[in-house]
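Colleague: I am new to this structure and would like to learn how to read it. Could we go through it feature by feature?

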Amino acid sequence: MSAEMSFPWAALLLFFGVSSAAFSGSDDRYPPGKRGAGKYEETLDVLMPNVMATAEDQYVCASQPVERELYIVDFIPKASMEVVHHMLLYGCGNVDRSQLDGRYNVDCESECLGNNVILFAWARNAASPTIPPDVGFHIGGDSGINYLTLQIHYGDLNAFQGGRRDTSGLALTVTPIQQTYLGGILLSVGMDIEVLPNVNNAHTDIACTYRSRTPIYAFAFRTHAHGLGKVITGYRIRDNSWEMIAKGNPQWPQAFYPMSQIYEIKEHDVVATRCTFDGTRTDHTVHVGSTHNDEMCNLYIMYYTNADRGEAFKVCSIEGSASLFSHIPPGSDYVPPEMPRMDDAVDDDDASDDTNPQETMDVVLDEVEDKNLLGEVGRGETSTPATPVINDNKDATGSRVLNVVPDWAKDLKLGQVGGVDTDSNDNLQLFHRSDRTWDFESFDREFHYIGRQDEIKEDTVLVMDQTGKLLSSWGANLFYLPHGLFVDHDDNIWLTDVALHQVFKFAPDQLTRPLLTLGTRLQPGEDASHFCQPADVVVNPKDGSFFVADGYCNSRIVKYSASAQILLVIDNSAIQHLSPPSMLLVHSLTMAHQNEHVCACDRQNGRILCFDARSGQFLRQIMLEEFAGIVFAAKYSPMRGGVLFVVNGASALNKPVLGITVNYTTGTVLETWAPTEGFSMPHDVTVSSDANVVYVGGIDTSRETKIWKFVDPVPDTETKSESRSHLERNLERDSLLNHGEVASKGGADSPAIDTRDSGTTAVILAVLAVPILLMIMIAVMVRLQAQGRLNTGRGIFVARRRGQQRDNFSIGNFFNKKKGFSQVSTDDSDQEAATWSEEESDVEEYSILNSKRTQNL
């Protein structure tokens, strides 16, 4: 795996790399302040450790740790195109140990593990970029970048004749002094390239809506394509007005060239890119890929932003709609006669009036709070959708109620857990892959499974009770690559296998042969008899109809009758009014709102889409900051007015991987939850019938823990003096989960409550409550006075705090002199010490286009 770029999503990710060098010393000697005259700057070399390439088009990675907090203020290439086709510098959360300590990794199977960002790219003898003063690329410290990885693509072997070795790389100018502005890269990458022979001006179009409230300020650009690339043009669309901000010939030295001015990109702007290819220079159709015989469509935009609220890496990879690009200004195919001068960097005084970096940023960024860039999944038109979009309406309490059960089922040996669900007895059923994994060698370019050609020999379906005891297991010699599991109202088990491209239904008393099989064995497709890597199933208990998430390749939802006849297909035509107007990996399904809605996790677009279960008509979109641009799974519970339990995944946004509880009606976040040390690649989620137990299955093969149990409420721990009582937890939970419950009883279309009646009621209740509260306070104070526990001048608040430390004084204990409210078992009280996964977020992500190096753009 390797390539020109990399980003946090599954299938289409390019592949990264980095190299070696050391930097040491303490930054205590440096005074706070801005970068000045190079006084506190030093050089950090990131170089290949005497590499010997052994094949053409070979990608090699080498990594080194970032030993302290630094800011990169200049990138100086040390390479020649006679040796290096191109090189990328990645910032990584973690790396493969095999490419540390002067070693390197051939084929770059893991440029980074966990969080990753592209810091710099170089090709074709490009010169150093001109970075404005007071702009730094943050590494080390709390940046999330703990390692640097240098990836180099070696095009041919001529440079290695006679046993010669390579030490190409970069010299980074770094400083320990925090810079005023954060440097970053916005990458637009085309995934759907088709250059036909003898056709001039073949186009690949990309467009994303910028969704962050924190603007970015673009000052340089770099284009990248292979031999057929003719010109790449970038635009900012604001208020339906197109403005060209970048235009470059990818056959030039692929440097970061200065823009003609500094361009502000703010919320609701659209970033559009067109790559133009010349097919007259080929006699065969050329598609996207990582070798010099394939093509790429990449536009890198270097920017600066607010150092506190901004983000250092953003990705746009959505195909631009034909309707949007019908308005592109003339001249996009025009090749500029000469490249921009590298010394034409824009001074602050040359910026456009609305984008002065010092003035505009200070004003705008002080007025608004940051949100995720969903522009990496946004697309197309700038008009506001007519349908409601629930976005970033977080509950003010920020409370965390769900707590992990430590070491639950820790002795269970599991492979990657693809699917989880609970049955009518609230037992957990899970679908795992045993020793089988989904990796880059599992599928070919056409999504045919090319991995191990035999069924998994071990049982793949396990049934466990709530204590973690294994009750039964089955599923040996049936499946190739397990993915989704759903248990319906009759306890039938529905399973999907992405290698077989099939969906199965098993009766609970007949587990050796399926009652129903849909799809054609080992044959991907998109017609009535084929799926392509189906991800999940959900059944409507009202009529037995069911939905299939067809999933990784087709991005559609197919509805069947109870007798398995196709009733309708929900595809991108249902959401053309949204931005983006296409689904990118339908990964999980759940029924909601009294089984009248079917909701799908549009995974790589970071949102949940809900449709009418009868007609397939689009109803609503839930897109929250906590999703961090990626949503793996969601499970609906009708308890407490209706809630969704959601898990996200690792992304380049460097946001935490979380479980999120969402009020379905209002779209507010009720709580977030995770093991103490973070999730390790969560993949699916389910909930008990009373919504008090939540299970999450994961796919990180490097961690022992692949299944987590969370409970609500969690029993108190005797050793924690400030732990809350069972009643307090229930009261807090109900106050959170009932938020918006009144509105939910009538559904999303319920009439508004008469505010006049509610206001009168509130006044009456307030009047009645005052004397009652006074009586309680007087009684408590009298009792405390009698016990000698009341401190004059500080009153009940001091008494209550001290009471907790001594004998758990509470209102319950006051009125019940025994033990107050009954205590529960403490077995499940502590949080699980699960380890944060530093690996890629589900290798499946990279197989959408699929497989091998064709997906390494």
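Colleague: Which residue in strand 44 is the bridge partner of V685?

Modeller: A word first on what you are looking at: this is a predicted model. As for V685, its bridge partner in strand 44 is V696. The two strands involved, strand 43 and strand 44 (residues 693-698), are antiparallel and pair over 5 bridges.

Colleague: What connects strand 43 and strand 44 in their hairpin?

Modeller: There are 5 residues between the strands of that hairpin. In this hairpin A691 takes a positive phi near 65°.

Colleague: Is strand 43 buried or exposed?

Modeller: Here one counts residues, and under 20% relative accessible area is the cut-off for buried. In strand 43 (residues 682-687), 6 of the 6 residues are buried, so the strand is largely enclosed by the rest of the structure.

Colleague: How do I read the order of strands in a sheet, for example the one that holds strand 28?

Modeller: The general idea concerns side chains as well as order: in a regular strand the side chains alternate between the two faces of the sheet. In this case 4 strands form an open sheet with the order 27-28-29-30 and antiparallel pairing. Strand 27 (482-487) and strand 30 (516-518) are the edge strands, each pairing on one side only. On average, neighbouring strands of this sheet are turned by 15° against each other, direction ignored.

Colleague: How many bridges join strand 27 to strand 28?

Modeller: The number is 4, and strand 28 covers residues 493-497. F486 stands opposite W494 of strand 28.

Colleague: What is the order of strands in the open sheet that contains strand 12?

Modeller: That sheet has 4 strands in the order 12-17-14-15, and its pairing is antiparallel. At the edges stand strand 12 (202-209) and strand 15 (241-248); each has a single partner strand, so one side of each is left without a neighbour in the sheet. Here the average turn between neighbouring strands is 20°, direction ignored. Inside the order, strand 14 (residues 229-238) and strand 17 (residues 270-277) pair in the antiparallel sense over 8 bridges. Y235 stands opposite A272 in strand 17.

Colleague: Which residues outside its sequence neighbourhood does S332 touch?

Modeller: Leaving out residues up to four places away in sequence, S332 touches V231, T233, Y235, K247, R274 and T276. S332 itself is in the loop between helix 1 (322-325) and helix 2 (357-367). With a relative accessibility of 5%, S332 counts as buried.

Colleague: Which residues have the most contacts inside the largest nonpolar core?

Modeller: They are L119, L148 and L172, in a core of 90 residues. Take L172: not counting residues up to four places away in sequence, it touches E42, T43, L44, V46, I72, D74, F75, L89 and L148. There is also a second, separate core of 51 residues, which includes W474, A499, Y552 and M583.

Colleague: How many aromatic pairs are there?

Modeller: Ring centres must lie within 6.5 Å to pair, and the count comes to 30 aromatic pairs. One of them is F221 with Y257, a tilted pair at 6.1 Å centre to centre, with 45° between the planes. F221 belongs to strand 13 (residues 216-224) and Y257 to strand 16 (residues 257-265), so the pair ties together parts that are 36 residues apart in sequence. Both F221 and Y257 are buried.

Colleague: Why is the pair of F611 and F618 edge-to-face?

Modeller: The ring planes of F611 and F618 stand at 75°, with the centres 5.9 Å apart, so the pair is edge-to-face. F611 is buried, at a relative accessible area of 0%, and F618 counts as buried at 8%.

Colleague: Which residues form one aromatic cluster?

Modeller: F75, F120, F137, F256 and Y300 do.

Colleague: Which residue lies over the face of Y664?

Modeller: That is R620, at 4.6 Å from the ring centre.

Colleague: One last case: how far apart are G418 and K706 in sequence and in space?

Modeller: G418 and K706 are 288 residues apart in sequence and 9.9 Å apart in space, C-alpha to C-alpha. G418 lies in strand 23 (residues 417-422) and counts as buried at 2% relative accessibility. Apart from neighbours within four places in sequence, G418 is in contact with F431, H432, R433, H483, H683 and D684.

Methods:
Residues numbered from 1 in each chain as written. Predicted model: local features only at pLDDT ≥ 70, side-chain atom pairs only at ≥ 80, totals over all residues. Heavy atoms only, no water. Pairing = 2+ DSSP bridges. Axes fitted to C-alpha atoms, helices over the stretch in contact; angles between N-to-C directions. Buried < 20%, exposed > 50% of the residue type's maximum accessible area, 1.4 Å probe, protein only. Core = buried A, V, L, I, M, F, W, Y, C linked by side-chain atoms within 4.5 Å. Contact = heavy atoms within 4.5 Å. Phe/Tyr/Trp six-rings, centres within 6.5 Å; stacked < 30°, edge-to-face > 60°. Lys NZ or Arg CZ within 6 Å of the ring centre and 35° of its normal.
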